[in-house]
Amino acid sequence: MRMGMTRTLDCFQSEWYEFIQKGVTEVRDVGNVPDVYTQNMLLETENKNLKKDLKHYKQAADKAREELLKIQKERDFHRMHHKRTVQEKNKLINDLKGLKLHYASYEPTIRVLHEKHHTLLKQKMLTSLQRDRAVKQISRIQATSMYAVSGCGNSVPEIRAIPGREKEYAPEGPTQNDLHGTREQDKYKTKMKNKMDSKFPTAMQPNPNLYFCKENNRPAKFDYKLNNIFRLHSLPVSCIAIHPRKDILVSCGEDHIWKLVGLPKGNVLLTGCSHTDWLSNCCFHPSGNKLATASGDTTVKLWDLSKGNCILTFEGHGHAVWSCTWHTCGDFVASSSLDTTSKIWDVNSERCRCTLYGHTDSVNSIEFFPYSNTLLTGSADKSLSLWDARTGKCEQTLYGHMHSINDATFAPRGHIIASCDSCGVTKLWDFRKLLPIVSIDTGPSPGNEVNFDLSGRVLAQASGNGVIHLLDLKSGAIHRLMGHENEAHTVVFSHDGESLFSGGSDGTVRKWS
């Protein structure tokens with residue numbers, strides 16, 4: 001029936017009924033249709049359903065395959081885009097490095113042009129002064145000639161000119177007499193002023209530290225322990241200086257005062273309080289009887305330690321003064337300021353002898369080379385400069401720091417320069433070759449000050465995280481002294497090297513021995 005073979009079924013029925021009538025087949029012998037047929041029907045139906053499902057699954061698989069191909073193409077596109085972005089990033093990094101090097105190569109040229117600019121400004125000023133003097137002289141000569149014509153026009157005496165002696169017998173009016181008198185007074189004042197000015201020494205005595213370093217064969221000391229704490233200031237300590245001959249130190253603070261302290265007990269011997277703003281630095285006179293202090297009130301003051309009073313104030317900086325230093329001869333004081341300049345002051349004539357132009361940012365430190373006329377300055381423009389104090393000219397500039405330089409100093413023997421910057425990097429320079437020796441990174445906390453011991457074999461650095469770093473110049477090892485609760489601003493060795501003093505933002509001076 002399912003196959004449409006109706007004639008076959010009719011034949012089967014006719015034969016079936018024919019057998020029943022003849023008695024060949026009985027109806028009771030015929031059973032039911034077997035279950036196999038029913039099962040086949042069910043299986044065929046299930047097979048149809050499975051084929052339909054298979055068709056749907058094939059369609060879903062084709063669709064998923066298409067989606068997978070699409071996703072793979074997107075992945076490949078983004079991967080290529082990422083690679084291109086990385087290449088562009090690397091190219092930009094290389095370009096940035098090249099621009100930095102290019103900028104660094106132009107910095108010396110810019111400095112030279114800046115110096116030339118200052119030189120031209122000075123020449124322009126001198127030219128204008130000479131022009132004004134020439135105009136005044138012309139006006140005086142015209143006035144004198146007019147007076148001579150109007151006053152002596154009626155009776156002019158006959159004067160015979162003798163060759164070579166016209167000026168000696170020429171008549172002079174009152175204006176010329178006044179002019180000559182003024183010139184003589186100016187010449188006299190200039191001579192007196194020049195007599196009061198100190199002269200830079202030409203024949204300097206040899207540096208005694210050279211012989212001390214040769215004779216000192218003791219091993220360097222690094223095992224310092226916190227021995228005592230002197231509470232001297234109500235605000236942070238900015239500087240500590242050791243007396244050149246006695247067991248005395250002076251500490252300067254942001255509370256506007258400095259204190260002279262006796263060692264080892266730490267008793268206060270003298271207090272100075274003439275500044276109107278925080279003190280940034282101090283330095284003893286080579287003889288030890290005077291003290292120079294630098295302050296945020298833009299002044300440098302000199303103090304007589306025997307009386308404890310201020311004997312001289314230098315004014316001239318436009319902003320806060322960061323540092324000061326004495327010349328070995330004791331007749332000159334140099335100072336550096338936030339106004340990007342440094343000045344050399346004459347103690348005897350009580351005036352500024354020279355202003356050093358060249359840095360483009362704050363000059364944070366200044367120091368005289370031992371027993372010479374050479375000055376070292378460190379600036380926030382990331383450079384060190386060496387100056388001839390006699391001429392005020394920059395002789396050499398050292399580049400290498402990537403951040404603002406906070407302090408720079410000479411080794412006692414004078415052959416090494418140490419400098420530290422605001423990112424904690426300390427550099428050593430060969431002063432004879434003017435080349436960097438080594439760079440030590442103790443950051444990221446800033447390095448506030450560096451100082452050598454008298455042997456020149458140990459360098460101490462006061463760090464912004466309160467740690468005192470001791471660098472062994474022979475082995476390169478770094479030792480750390482932990483004791484400050486807050487930032488350490490200054491550090492200095494005693495003359496025998498057995499003690500070390502550090503000042504912090506908590507207003508204390510700590511002794512290590």
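How many bridges join strand β24 to strand β25, and do the two run parallel or antiparallel? There are 5 bridges between β24 (residues 467-472) and β25 (residues 478-482), and the strands run antiparallel. Keep in mind throughout that this is a predicted model.

## The chain overall

Let's start with the whole protein chain. Its secondary structure comes to 5 helices and 28 strands. Of the 513 residues, 38% are buried.

On the contact side, take pairs with a separation of 6 or more: residues 24 or more positions apart account for 46% of those contacts. As for the outside, the protein chain exposes about 31600 Å², and carbon and sulfur atoms supply 55% of that area.

## The β24–β25 hairpin

Back to the opening pair. V467 in β24 stands opposite M482 in β25. The hairpin has 5 residues between its strands, and G476 takes a positive phi there, near 85 degrees.

## Two cis prolines

Two loops are worth a look for their peptide bonds. L263 and P264 are joined by a cis peptide bond, with omega about 10 degrees. P264 is found in the loop that runs between β4 (258-262) and β5 (267-272).

The other case is G443 and P444, also joined by a cis peptide bond with omega of about 10 degrees. Here the setting is the loop between β21 (435-441) and β22 (447-452), where P444 lies.

## Positive phi without glycine

G476 is a glycine, but T340 is not, and T340 still has a positive phi, near 70 degrees. Look for T340 in the loop between β11 (332-337) and β12 (342-346). Is T340 buried or exposed? Neither, quite: T340 has a relative accessible area of 25%, so it counts as partly exposed.

L434 belongs in this section too, with a positive phi near 55 degrees in a residue other than glycine. You'll find L434 in the loop between β20 (425-430) and β21. L434 is partly exposed as well, because its relative accessibility is 24%, while buried would mean under 20%.

## The largest cavity

How many cavities of 30 Å³ or more turn up in a search of the whole structure? The search finds 2. The largest holds about 70 Å³ of space, and its lining is made of T426, I440, T442, L459, Q461, H469, L470, L471 and I478. The elements giving two or more residues to that lining are β23 (458-463) and β24.

Which element gives the most to the lining of the largest cavity? That would be β24, with 3 residues, and this is the strand already seen pairing with β25. By class, the lining of the largest cavity splits into 5 nonpolar and 4 polar residues, with no charged ones.

## The second largest cavity

The second largest cavity has a volume of about 40 Å³. Around it sit R111, E115, G358, H359, S385, W387, C394 and T397. A helix and two strands, α2 (35-151), β16 (383-388) and β17 (393-399), each supply at least two residues of this lining.

What classes of residue make up the lining of the second largest cavity? It has 2 nonpolar, 4 polar and 2 charged residues. Charged residues do appear in this lining, whereas the largest cavity has none in its own.

Definitions and conventions: Residues are numbered from 1 along each chain as its sequence is written. This is a predicted model: local features need pLDDT of at least 70, side-chain atom pairs count only at pLDDT 80 or more; totals for chains, interfaces and linings use all residues. Side-chain values use heavy atoms; hydrogens and water are left out. Two strands pair if DSSP finds at least two bridges between them. Helices (H or I, at least four residues) and strands (E, at least two) are DSSP runs, numbered from the N terminus. Buried means under 20% relative accessible area, exposed over 50%, partly exposed in between (1.4 Å probe, protein chains only). On a 1 Å grid over the protein atoms alone, a cavity is a set of points where a 1.4 Å probe fits but cannot get out, and a pocket is an open set with protein on both sides within 12 Å along at least five of seven lines; lining residues have an atom within 4 Å of a point. Grid points are joined across faces, edges and corners, and a volume is the space filled by probe spheres set on the points. Ala, Val, Leu, Ile, Met, Phe, Trp, Tyr, Cys and Pro count as nonpolar, Asp, Glu, Lys and Arg as charged, and the others, Gly among them, as polar. Contact means heavy atoms within 4.5 Å. Accessible areas come from the Shrake-Rupley method with a 1.4 Å probe; for residues, only the protein chains shown count as cover.
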